[in-house]
Amino acid sequence: MAGRSTTAILLIAAMILSVAARCRLVRATLFSPNMQQSSRLRFRRPLSLRATEVRVEEYIASIEDELRRCGPITKRSISRPNRKPMIRTLLGYKTKIDFDEAIRKTRRCEEHRRLSSFWGGTLAPILSKDRSEKALTSCSLIDEALHVRPDAGKKAFRRLGSGRDYKGNVLAMLQDIAPETLPHYFDASQPIDERQAMQLLIESHRSNVDAARIDAARKCLDEFLPQKNNESQYVASQQNGRDSEKACIDFLNENRQPGSIILENVLVNHKSCRVRQKYRKGTLDESSGIIWTGIGRDRFCSEFDAVVITAEDAANGNKQENQTRTTVTEIWEAKYSVSPSTLYDAVAKKLPAARAVIKDDEAILSYNGGSVSMGRSYGEDEPKTVFGIYGRGLLPAPNAVSQLRAMAVANILHNDDDALLEAAESGFVMVDTTRCIEDLNVLREQLKKISDFELTVRIQERK
């Protein structure tokens, strides 16, 4: 027994010595003069133990290699999420905003039609035989609602049941004056789902859209099923976004430089909005801020996930007490997953907004209960502003290929009428690999244009 105990103790001691030796080797490597000098040359911010750098060009090249291995042509099935954009294009709507508004308006008009039929066609004749004060008041309110524009929807009838007798309770009013109409009211007030609204919208275009396109739209609608878990998916997506932003802030705090201030969820607004009540002093979170600018952003973005600044005394001889000027050193965009799509979104939308804001010499930053001037000098010796993208994961090349193909399908269905009509009939689209490679090249060109910022992409390391 004593021999076994001694052997065990020796083995444990050997393991401890081995681990200690490895730790010394890692420390010597990480903190060697050569390693520190190399890090300073390549990064303004030290490498974090919680995030790794993504070499974007190598990542794009790996996706292109994966694409070329898949062959020149790929047959891509039409998924249910494609059906709604297909209907939009078939009916001639140029943008998603216009199409969604048409669906909402159609829904409101149908709500108004159904309720008008009930209140004016079912209940009004019954009330006309009753000369009581309650009946006369209800008839007056019904007549008023029937003359409201149909696109007001069910809101046109919101005053029915008002007054001291029913206090806005329509069911109580109907139970009192015409209980036999309650089943009809329940039928008329049933909610109209998205599929029903799109069906009505398609039919409303029969007079101004080609019959073949109407038939194709109806076929797409047959395959379209509104997702019942839209709300839960939205909540999950929102949570993923918040988690990604928190991970980004944690990374920045872990590597905070002396004298720097990290702000999260920084809004970008036009100076004309400063008078609004919701933006007045005391309404901002302490860790957040607002950049006020006079430059139009062309709807690029309205918020930065994180902004790192340094504040210095204003360099002028007549400076007032506590007057400071901030320097924006870093702007970060947080993503749940870094992919070709999110990279393009960041460099094509957020980066132009960042560029416009930083070049605005009259921009003002409000944070921590005060406001200061902000800007950036562009001397030869001045380090560039960092534009960072922080992701919780990197989309693998095979999955990125699938994403590019899905984007190509959406583009084909939106711009190629022949392919659109054929896809509505057959249920699939032929995707040329060359098209996907061209999309990657567009991303490459966007990246090459970045000369006034230091682009860095980091991925959270899995523990």
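The protein chain exposes about 27200 Å², and carbon and sulfur atoms supply 51% of that area. This is a predicted model, so everything below was worked out from predicted coordinates. Of the 463 residues in the chain, 39% count as buried. The secondary structure comes to 15 helices and 11 strands. As for how the chain folds back on itself, take the contacts between residues at least 6 apart in sequence: 75% of them join residues at least 24 apart.

On to the packing. As a general point, nonpolar side chains in soluble globular proteins tend to be buried together. Here the largest nonpolar core has 75 residues, and I87, L91 and L365 are the ones with the most contacts inside it. If neighbours within four places in sequence are set aside, L91 is in contact with F99, L201, I202, H205, V209, I214 and A217. Another core lies apart from the largest one. That second core has 21 residues, including A135, F157, Y166 and L174.

Helix α4 (residues 80–90) deserves a closer look. The helix is mostly covered, with 8 of its 11 residues buried. Which residues of α4 are the buried ones? They are N82, R83, K84, M86, I87, R88, T89 and L90, and I87 is also one of the residues with the most contacts inside the largest core. The partners of this buried set are helices from several places along the chain: the buried residues of α4 pack against α5 (96–127), α9 (194–204), α10 (211–223), α13 (397–415) and α14 (417–426). After α4 comes G92, whose phi is positive, near 95°.

One of those partners, α5, is where D100 is found. With a relative accessibility of 14%, D100 falls under the 20% limit and so counts as buried. The C-alpha atom of D100 is separated by 8.9 Å from that of R88, a residue 12 places away along the chain and itself among the buried residues of α4.

Aromatic rings make up the next part of the picture. The structure holds 8 aromatic pairs. One of them joins Y93 and F99, with 5.5 Å centre to centre and 50° between the planes, which makes the pair tilted. Both partners, Y93 and F99, are buried, and F99 is also among the contacts of L91. The pair of F251 and Y390 has its ring centres 5.2 Å apart and its planes at 25°; that angle is under 30 degrees, so the pair is stacked. What does this pair tie together? F251 lies in helix α11 (residues 230–254) and Y390 in strand β9 (residues 385–391), so the pair links parts that are 139 residues apart in sequence. Neither ring belongs to an exposed residue: F251 is buried, with a relative accessible area of 0%, and Y390 likewise counts as buried at 0%.

Elsewhere, F118, W119, Y185 and F186 form one aromatic cluster. There is also a charge over a ring to mention: the charged end of K75 sits over the ring of F428, 4.0 Å from the ring centre.

The cysteines are quickly dealt with. A search of the whole structure turns up 0 disulfides. For C70, the nearest cysteine sulfur is that of C436, 9.2 Å away; a disulfide would need the sulfurs within 2.5 Å, so C70 is in none. C70 counts as partly exposed, at 32% relative accessibility, whereas C220 is buried, with a relative accessible area of 0%.

Two spots in the strands round things off. N265, found in strand β3 (residues 260–270), has a positive phi of about 50° although it is not a glycine. Is N265 buried or partly exposed? At 24% relative accessibility, N265 counts as partly exposed. I290 has its place in strand β4 (residues 289–293) and counts as buried, at 0% relative accessibility. The C-alpha atoms of I290 and V266 are separated by 5.4 Å, although the two residues are 24 apart along the chain.

Note on methods
Residues are numbered from 1 along each chain as its sequence is written. This is a predicted model: local features need pLDDT of at least 70, side-chain atom pairs count only at pLDDT 80 or more; totals for chains, interfaces and linings use all residues. Side-chain values use heavy atoms; hydrogens and water are left out. Rings of Phe, Tyr and Trp (its six-membered ring) pair if their centres lie within 6.5 Å; planes under 30 degrees apart count as stacked, over 60 as edge-to-face and the rest as tilted. Buried means under 20% relative accessible area, exposed over 50%, partly exposed in between (1.4 Å probe, protein chains only). Helices (H or I, at least four residues) and strands (E, at least two) are DSSP runs, numbered from the N terminus. A charge sits over a ring if NZ of Lys or CZ of Arg is within 6 Å of the ring centre and within 35 degrees of the ring normal. A nonpolar core is a set of buried Ala, Val, Leu, Ile, Met, Phe, Trp, Tyr and Cys residues joined through side-chain atoms within 4.5 Å. Contact means heavy atoms within 4.5 Å. Accessible areas come from the Shrake-Rupley method with a 1.4 Å probe; for residues, only the protein chains shown count as cover.
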